[in-house]
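Here are some short exercises for a first visit to a protein model. Try each task on your own, then walk through the solution below it.

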Amino acid sequence: MFHRLAARSLRSASASASNSSSKCHKVNFQSKRFLNLHEYQSSAIMEQAGVNVPFGIAAHSVEEAVAAANQIGDEEVVIKSQILAGG
C-alpha cells in the first residue's frame, strides 16, 4: 500500500513540476550596494577592532601622497588608488 501511495505522489509531483516549468520566467537580479567603503576605511575599522592590518597612510592629493612617502622614509613606496567599484 505504501509503495503505491509513494509512486502516485511522485507521479503527481513530477506532473506538477513539468506543467509549472513552462510557466517559469527568467528573473535577472542586479546586486545593490548597501555599504560603500574604501579599503583604507575598512582597514581603519578593523584596526580599531583589534585586527592586524598592513601599515598604510591614506592620501587624498598628490601633496599628501608625497608627504606620506616622506613620512614612511623608505626608498620605494607603493601608491594605490582606490575607487568604489563592484565586482
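## Exercise 1: A nonpolar patch

Phe55, Ile57, Ile72, Val77 and Ile79 together make a nonpolar surface patch of about 480 Å². Keep in mind that this is a predicted model.

Task: find where Ile57 and Ile79 lie, and decide for each whether the residue is buried, partly exposed or exposed.

Solution:
- Step 1. Begin with Ile57, which sits in the loop between H2 and H3.
- Step 2. The relative accessible area of Ile57 is 33%. Exposed means over 50% and buried means under 20%, so a value in between counts as partly exposed. Ile57 is therefore partly exposed.
- Step 3. Now turn to Ile79, found in the segment after H3. With a relative accessible area of 67%, Ile79 is exposed.
- Step 4. To place Ile79 in space, look for Ala65: their C-alpha atoms are separated by 7.7 Å, and the two residues are 14 apart along the chain.

## Exercise 2: A charged pair

Task: work out how Glu39 and Lys80 meet, and which parts of the chain they link.

Solution:
- Step 1. Check the distance between the side chains of Glu39 and Lys80: it is 2.6 Å, N to O. The cut-off for a salt bridge is 4 Å, so this pair qualifies.
- Step 2. Locate the partners. Glu39 belongs to helix H2 (residues 39-48), while Lys80 is in the segment after helix H3 (62-72). The pair is 41 residues apart and links distant parts of the chain.
- Step 3. Compare with the general picture: side chains of opposite charge can pair when their charged atoms come close.
- Step 4. Look at exposure. Glu39 is partly exposed at 42% relative accessible area, and Lys80 is exposed at 53%.
- Step 5. Count such pairs in the model: the total is one salt bridge.

## Exercise 3: The largest pocket

Task: describe the volume and the lining of the largest pocket.

Solution:
- Step 1. The volume of the largest pocket is about 860 Å³.
- Step 2. Its lining has 28 residues, and Gly56, Ile57, Ala58, Lys80 and Gln82 lie nearest the centre. Two of these names are familiar: Ile57 from the nonpolar patch and Lys80 from the salt bridge.
- Step 3. Sort the lining of the largest pocket by class: 16 residues are nonpolar, seven are polar and five are charged.
- Step 4. Ask which helices take part. H2 and H3 each supply at least two residues of this lining.

## Exercise 4: The whole chain

Task: sum up the secondary structure and the surface of the chain, then place Ile83.

Solution:
- Step 1. The chain has three helices and zero strands, which gives the pattern α-α-α along the sequence.
- Step 2. Of its 87 residues, 5% count as buried.
- Step 3. The accessible surface of the chain is about 8400 Å², and carbon and sulfur atoms hold 55% of that area.
- Step 4. Ile83 lies in the segment after H3 and is exposed, with a relative accessible area of 69%. From C-alpha to C-alpha, Ile83 is 6.9 Å from His38, although 45 residues separate them in sequence.

Terms used: Residues are numbered from 1 along each chain as its sequence is written. This is a predicted model: local features need pLDDT of at least 70, side-chain atom pairs count only at pLDDT 80 or more; totals for chains, interfaces and linings use all residues. Side-chain values use heavy atoms; hydrogens and water are left out. Helices (H or I, at least four residues) and strands (E, at least two) are DSSP runs, numbered from the N terminus. Buried means under 20% relative accessible area, exposed over 50%, partly exposed in between (1.4 Å probe, protein chains only). Patches are made of residues with over 30% relative accessible area and no salt bridge: like charges are joined within 9 Å, nonpolar side chains (Val, Leu, Ile, Met, Phe, Trp, Tyr) within 5 Å. Accessible areas come from the Shrake-Rupley method with a 1.4 Å probe; for residues, only the protein chains shown count as cover. On a 1 Å grid over the protein atoms alone, a cavity is a set of points where a 1.4 Å probe fits but cannot get out, and a pocket is an open set with protein on both sides within 12 Å along at least five of seven lines; lining residues have an atom within 4 Å of a point. Grid points are joined across faces, edges and corners, and a volume is the space filled by probe spheres set on the points. Ala, Val, Leu, Ile, Met, Phe, Trp, Tyr, Cys and Pro count as nonpolar, Asp, Glu, Lys and Arg as charged, and the others, Gly among them, as polar.
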